[in-house]
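Q: Could you take one part of this structure and go through it slowly with me? I'd like to see how one piece leads on to the next.

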Amino acid sequence: MSEENWIEVGSTDSIEEEDLIRFDHQDKTFCVYKLTDGFYATDGICTHEAVHLEDGLVMDDEIECPMHQGIFNIKSGEALSPPACEDLKTYPVKVDNDKIFIKID
Amino acid sequence: MKNNIIILGGGQAGIYAAREIRQNDTKSNIKILGEENLLPYERPPLSKDFLLDKKKEEDLYFHSSDVLKNENIEFENISINKVDFENKKLFAKNDNVYSYDSLLISTGSENKKLTLDNNLKNDIYYLRNLEEAKKIKEIVSNKNKITIIGGGFIGLEIASSLSQLQKKVIVIEIGNQLMGRIIPKQIADLVQNTHIEYGNEIILNKQIEKITKKNGDYEILLNDNSLIETDFIIAGIGSTPTVKLFENTNLKLDNGIVTNQFCETSIKDVYAAGDVSNFYHPFYERNMRLESYQHAQNHGICAGKNIAGVKTEYTSIPWMWSDQFNLNLQLTGICDEYDEIIERGNDINNGVIYFFLKNNKIRGACGVGIIGKVGRDIRITSKLTEKDTIVDKQILSDQNIKLNKLIQK
Ligand SMILES: Cc1cc2nc3c(=O)[nH]c(=O)nc-3n(C[C@H](O)[C@H](O)[C@H](O)COP(=O)(O)OP(=O)(O)OC[C@H]3O[C@@H](n4cnc5c(N)ncnc54)[C@H](O)[C@@H]3O)c2cc1C
Ligand code: FES
């Protein structure tokens, strides 16, 4: 794992618990979540249609798309409820000195 | 025990029911009889991304034939034209006979047709299925000025898609607002403004007197004597449940097939789900019939459970959406039984929502906004409705306070 793939997202207090922030890097969009047991990251765009998940609802370990209520597991990216059927890509997250980093391949 | 389970109607409710039955019952024969020569597919994109060529036919199917094969669910392309509930038999046009132990009716709904001169019957187009969508898509590629009769969801979605294909679109609506009375007028007006901004012409409060064919084009005479010239006409004037097959049987019908909260009809071992069913909703304590994606899915699943012997009440709070241009409109619950309305937001860019309350509890809500802006709040509203929560109206009306706070523990 090379160090340069870890991208700084922001400080740990920039996300409320059971919520998310959108993070844009180069031409890609990610969502970074704070769940009860830590931070997670997924692609920022729904796999059903090109809609930003930043406006979605975070409940427990799930993110629900604001457009048609497709649901994904935030930790595994698994598509849990139609119309979403393609999984969401997830990314490793680490916290260092109160800063959140995600590893983008 | 091994049963013969037949699902009449191979649409959304039918496929979800079939798979749910299989989840709970590995032995019974499950057969879907569908008159469209297609595996079950999603209808919402037909008026939107399919017309816009952003989705192809193969993107519409709920599942591949492999999924059905793996789950041992049979699909047969056949149209049923007679039912004998007493002897538990279905008859097809080609004389095939199908016997069942349990039957699910999921025949959906069909478009209302305009009553016009017979010689115009083939000139007016309607949109319900993939075949019709393909035909419309093909023909409009050579047309420029298109008239949509009916300003309901489907008509407006077609209007939005055709406008994005650079067509001149006119929508004629008989009522005094778009999308009927279930949508608050303020929201209907916001949607109307967007259509106008994109160049569509919206005509309200007008009725069609006569349509005349002229050199391959059409002249539409309205009841104020104005004339519209157009080269293609699509009508979306509402739909009715597909129940003709059952009209002379003892199956109880009333705006669809009457079912209880377990998807059971008036006849033992006969169930109904989706657009065709007028079901009892225990939360609202009344019957209702819905035509929506989420309902067809959840009602199909509920029927599947009950058919497989897992007694399950249907309690899903209604929800539907419509996408037009860059707007997403969502509706949850019911918006016609209320003693108070609360508004959240007033700018379509951030989303505008109207909540309908009765005795300080939310019964329903309707919102519209630029894509993504109302979904979360509408979803939270469904949850609050379901839990019969007494809500803090201050929070509902203040867009600066996130509604998440109302549902998180
Ligand atoms: C153009 C369009 C756009 C839509 N957009 C949205 C949207 O944006 N949001 C939303 O929430 N909902 C939308 N809907 C509604 C949603 O698609 C329907 O509510 C849903 O498909 C209903 O599912 P169903 O299984 O009850 O019926 P259907 O999916 O209609 O399936 C019924 C099937 O039964 C078959 N059948 C009928 N009679 C017989 C017979 N005698 N023998 C054999 N087969 C028979 C029919 O051919 C059909 O294939 C839209 C619908 C349409 C048509
Ligand atoms: S765009 Fe996310 S569920 Fe449809």
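A: Let's start with two strands in chain A: strand 3 (residues 28–35) and strand 4 (residues 38–43) run antiparallel and are joined by six bridges. Keep in mind that we're looking at a predicted model. To find your place in this pair, look for C31(A), which sits opposite T42(A) in strand 4 of chain A.

Now zoom out a little. Strands 3 and 4 belong to an open sheet of four strands in chain A, in the order 2-3-4-9, with antiparallel pairing. At the edges are strand 2 (19–25) and strand 9 (90–91) of chain A; each has a single partner strand, so one side of each has no neighbour in the sheet.

Chain B has an open sheet to set beside this one. Three strands make it up, in the order 13-14-15, and their pairing is antiparallel. Its edge strands are strand 13 (208–214) and strand 15 (227–230) of chain B, each of which pairs on one side only. On average, neighbouring strands in this sheet are turned by 20 degrees against each other, direction ignored. Strand 13 of chain B pairs with strand 14 (residues 217–222) of chain B over six bridges, in the antiparallel sense. One bridge to look for links K214(B) with its partner D217(B) in strand 14 of chain B.

Next, the helices. In chain B, helix 1 (residues 12–24) and helix 6 (residues 293–307) have axes that come within 7 Å and cross at roughly 35 degrees. That crossing is right-handed. Among the residues that meet there are Y16(B), A17(B) and I21(B) from helix 1 of chain B, and A296(B), G300(B) and I301(B) from helix 6 of chain B. Sorted by class, this contact has eight nonpolar, five polar and two charged residues.

These two helices also take us to a pocket. The second largest pocket holds about 660 Å³ of space. Its lining counts 27 residues, and those nearest its centre are P82(A), C85(A), Y16(B), F62(B) and H63(B). So where does the lining come from? Strand 8 (79–81) of chain A, along with helix 1 and helix 6 of chain B, are the elements that give two or more residues to it. Helix 1 of chain B gives the most, with five residues. By class, the pocket lining has 13 nonpolar, six polar and eight charged residues. Y16(B) is a handy residue to click on: it is among those that meet helix 6 of chain B, and it is also one of the residues nearest the pocket's centre.

Technical notes:
Residues are numbered from 1 along each chain as its sequence is written. Chains are lettered from A and ligands numbered from 1 in the order in which they are written. This is a predicted model: local features need pLDDT of at least 70, side-chain atom pairs count only at pLDDT 80 or more; totals for chains, interfaces and linings use all residues. Side-chain values use heavy atoms; hydrogens and water are left out. Axes are lines fitted to C-alpha atoms, for helices over the stretch in contact, and angles run from 0 to 180 degrees between N-to-C directions. A crossing is left-handed if the near helix is turned anticlockwise from the far one by less than a right angle, and right-handed if clockwise. Contact means heavy atoms within 4.5 Å. Ala, Val, Leu, Ile, Met, Phe, Trp, Tyr, Cys and Pro count as nonpolar, Asp, Glu, Lys and Arg as charged, and the others, Gly among them, as polar. Two strands pair if DSSP finds at least two bridges between them. On a 1 Å grid over the protein atoms alone, a cavity is a set of points where a 1.4 Å probe fits but cannot get out, and a pocket is an open set with protein on both sides within 12 Å along at least five of seven lines; lining residues have an atom within 4 Å of a point. Grid points are joined across faces, edges and corners, and a volume is the space filled by probe spheres set on the points.
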